[in-house]
Amino acid sequence: MLKVDKISVEYDGKRVLEDFSLELGAGQVACLVGESGSGKTTVIRSILGLLPEGGEVTQGDILFDGRSLLSSGGYAESLRGRDITMIFQDSGAMIDPVSTIGRQFVEYIRTQDRKAGKREAQARAINMLRQMRLPDPENVMHSYPFQLSGGMRQRVGIAMAMCFEPRLLLADEPTSALDVTTQAQIVRQMMELHTERRTSIILVTHNLGVAAYMSGPSDKIIVMKSGRIVEQGSREKILRCPAQDYTRELLAAIPTMEGEGSGQKYVYA
Ligand SMILES: Nc1ncnc2c1ncn2[C@@H]1O[C@H](COP(=O)(O)OP(=O)(O)O)[C@@H](O)[C@H]1O
Ligand SMILES: [Mg+2]
C-alpha cells in the first residue's frame with residue numbers, strides 16, 4: 001500500500017534525512033523511534049506532502065497504491081484528510097481556539113463529505129467522540145478547546161483523524177505531552193480502532209515502550225538517529241536483542257507505568 005523508496009530530504013539545501021525506506025501493508029503498524037532531531041517528523045511530513053517552507057524530497061519516491069505522492073496533479077491532495085490522516089503531538093494547538101469542538105468537527109466532516117447534512121455530521125462526530133471514550137460527548141461538542149484537558153483534546157484529534165476510516169494514519173508523538181496513564185489509555189484506544197478497521201499506522205514516538213505496545217508480531221520498529229535508520233526489526237528483535245548501543249539506551253529510558261520501583265514496564269501493560 002505505502003512504499004517509501006530511498007528518500008532523502010533537505011531543508012534549505014541541508015540534508016537532514018538520508019536514504020530512508022519503509023514499506024507498509026494494509027493494517028500494519030510501523031513505529032519510528034529515535035532521539036529529538038533524528039528526522040522522524042520529517043519522514044511523516046514527507047509522506048503527507050506537507051514539508052515546511054524550504055523542505056524538499058531531493059531523492060527517491062513515495063508510492064501509495066503504486067502511484068507517486070510526490071508527483072504534481074493532486075494525487076496526494078486527493079488522499080489527504082480522508083485516506084491519509086494525521087494526528088500531531090498537541091491536536092489542541094491545531095484546533096481553532098475560538099470555535100467550539102462541535103463546530104469544527106462538523107465543519108471538517110462536511111468538508112470531507114459534501115453530502116453530509118448538519119445533523120448527520122453532528123451524530124457522526126458524537127459517535128466518534130464516544131468511541132474515543134470521551135465522557136459526555138454532547139458536552140464536549142459544546143466546549144471550547146481550552147475547556148478540555150490535554151488528554152481530552154488529543155482524543156478529539158484522534159476522533160477527527162479516524163472519522164473517515166483512513167487507510168493510513170500518521171501519528172506524530174500523539175501522546176508525548178500527556179502523563180503516562182493517559183498515554184496508556186489513548187494508545188489502547190488507538191489500538192482498538194486500528195484493529196477494528198485495519199488502519200495502517202505510522203507512529204512516531206521517542207518512547208520505545210509505546211512503540212512496543214502498538215506493534216504486533218508482524219509489525220516493524222524503525223530506530224532512527226541523525227536522519228538515518230540505525231536498525232529495524234520486529235518488536236521481539238528490537239526489545240530482546242537490539243544490535244545497537246543507541247537502541248539499548250532508548251530501551252533503558254522507557255518510563256515505568258506506575259512510577260519507579262514498581263518493576264512494571266509500560267511495555268507489558
Ligand atoms: N523547518 C525546518 N527547517 C530547517 N531545519 C529543520 C526544519 N525542521 C526540522 N529541521 C531539522 O531537521 C532535522 C530533523 O528534524 P525532525 O524531523 O523534526 O526530527 P524529530 O521529529 O525526530 O525530532 C533536525 O536537525 C532539525 O533541526
Ligand atoms: Mg518530531
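Is Cys241 buried, exposed or partly exposed? In this predicted model, Cys241 is partly exposed, since its relative accessible area comes to 48%. Its sulfur has no bonding partner at hand: the closest cysteine sulfur belongs to Cys31 and is 17 Å away, too far for a bond. A disulfide would call for two cysteine sulfur atoms within 2.5 Å, and by this rule the count is 0 disulfides. Cys163 makes a useful companion case, as this cysteine is buried, with a relative accessible area of 10%.

The packing of two helices comes next. Two packed helices are described by the angle between their axes together with the distance between those axes. For helix 4 (residues 101–112) and helix 5 (residues 118–131), the axes come within 9 Å and cross at roughly 115°. Angles of 65 to 115 degrees count as roughly perpendicular, so helix 4 and helix 5 are roughly perpendicular to each other. The crossing of this pair is right-handed. On the helix 4 side, the contact is made by Phe105, Val106, Ile109 and Arg110; helix 5 contributes Lys118, Ala121, Gln122, Arg124, Ala125, Met128 and Leu129. Sorted by class, the residues of this contact are 7 nonpolar, 1 polar and 3 charged.

Two buried residues, one in a helix and one in a strand, complete the picture. Ser46 is found in helix 1 (residues 40–48). With a relative accessibility of 2%, Ser46 falls in the buried class, for which the limit is under 20%. Setting aside residues up to four places away in sequence, the residues that Ser46 touches are Ile7, Val9, Leu51, Val57, Ile62 and Leu70.

Val29, for its part, belongs to strand 3 (residues 29–34). This valine is buried too, its relative accessible area being 1%. What does Val29 contact beyond its neighbours within four places in sequence? The list holds Leu24, His194, Ile201, Met214, Asp219 and Lys220. Ser215 offers another view of the surroundings of Val29: 186 residues separate the two in sequence, while in space they are 6.1 Å apart, C-alpha to C-alpha.

For a reader following along in the structure, Cys241 and Cys163 can be viewed as a pair, the former partly exposed and the latter buried. The right-handed crossing of helix 4 and helix 5 can then be traced through its contact residues, among them Phe105 of helix 4 and Met128 of helix 5.

Conventions. Residues numbered from 1 in each chain as written. Chains lettered and ligands numbered in written order. Predicted model: local features only at pLDDT ≥ 70, side-chain atom pairs only at ≥ 80, totals over all residues. Heavy atoms only, no water. Axes fitted to C-alpha atoms, helices over the stretch in contact; angles between N-to-C directions. Helix = DSSP H or I, 4+ residues; strand = E, 2+ residues; numbered from the N terminus. Parallel < 35°, antiparallel > 145°, perpendicular 65-115°, else oblique. Left-handed = near helix turned anticlockwise from the far one by under 90°. Contact = heavy atoms within 4.5 Å. Nonpolar A, V, L, I, M, F, W, Y, C, P; charged D, E, K, R; others polar. Buried < 20%, exposed > 50% of the residue type's maximum accessible area, 1.4 Å probe, protein only.
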